Amino acid sequence: MIKIDNHINDDPAYYQLSIGGEVDASSSIHLEEGLKNAMVASKKIIVDLAELEYISSAGLGVFMSIIQDLENEGIQFVIYGMAPKVNEVFEILGLNQLITIKKDKEEALEAIK
């Protein structure tokens with residue numbers, strides 16, 4: 001089961017999305033909705049994956065599907081807090097070359113300044 005929380009910060013202005021639990025084929029639609037809502041709400045988005053336990057290929061596909069939209073819309077997008085096994089999946093697929101990934105929230109906020 002996926003758990004998504006969102007938070008809009010005003011100063012500095014950014015949108016934070018926290019994703020936890022498991023993202024599989026049945027729950028990836030919720031991930032997509034959360035990311036699309038964030039993209040409408042802000043040009044600076046940080047995504048906390050610290051509580052993400054598992055992500056399927058469908059979930060990874062959601063991240064891959066928004067990369068071009070992020071670039072077209074000029075949205076700064078940073079993922080942080082990934083567990084080693086989740087980070088390894090992102091690296092194997094080369095998503096770490098396409099999406100900015102940071103160790104923690106402090107680094108993520110620095111990256112969107």
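**Where helix H1 meets helix H2**

Reader: Which residues in H1 meet which residues in H2?

Author: From H1, the residues involved are Ser28, Leu31, Glu32, Leu35, Lys36 and Met39. A contact here means heavy atoms within 4.5 Å. Their partners in H2 are Ala58, Gly59, Val62, Phe63, Ile66, Asp69 and Leu70.

Reader: How do the residues of the contact of H1 with H2 divide?

Author: This is a predicted model, where local features need pLDDT of at least 70, side-chain atom pairs count only at pLDDT 80 or more, and totals for chains, interfaces and linings use all residues. Residues are numbered from 1 along each chain as its sequence is written, while side-chain values use heavy atoms, leaving out hydrogens and water. The residues of this H1–H2 contact divide into eight nonpolar, two polar (Gly counts as polar) and three charged.

Reader: How do H1 and H2 lie, roughly parallel or roughly antiparallel?

Author: H1 spans residues 28-41 and H2 spans residues 57-73, with their axes 9 Å apart. The two helices pack at an angle of about 20°. That makes H1, relative to H2, roughly parallel (angles under 35 degrees).

Reader: In what order do the elements of the protein run?

Author: There are four helices and six strands in the protein, taken as DSSP runs of at least four residues for helices and at least two for strands. From the N terminus on, they run β-β-α-β-β-α-β-α-β-α.

Reader: What share of the residues in the protein is buried?

Author: Along the principal axes, the C-alpha atoms fill a box of roughly 35 × 25 × 25 Å. Buried means under 20% relative accessible area, with a 1.4 Å probe and protein chains only. Of the 113 residues, the buried ones make up 42%.

Note on methods. Axes fitted to C-alpha atoms, helices over the stretch in contact; angles between N-to-C directions. Parallel < 35°, antiparallel > 145°, perpendicular 65-115°, else oblique. Buried < 20%, exposed > 50% of the residue type's maximum accessible area, 1.4 Å probe, protein only.
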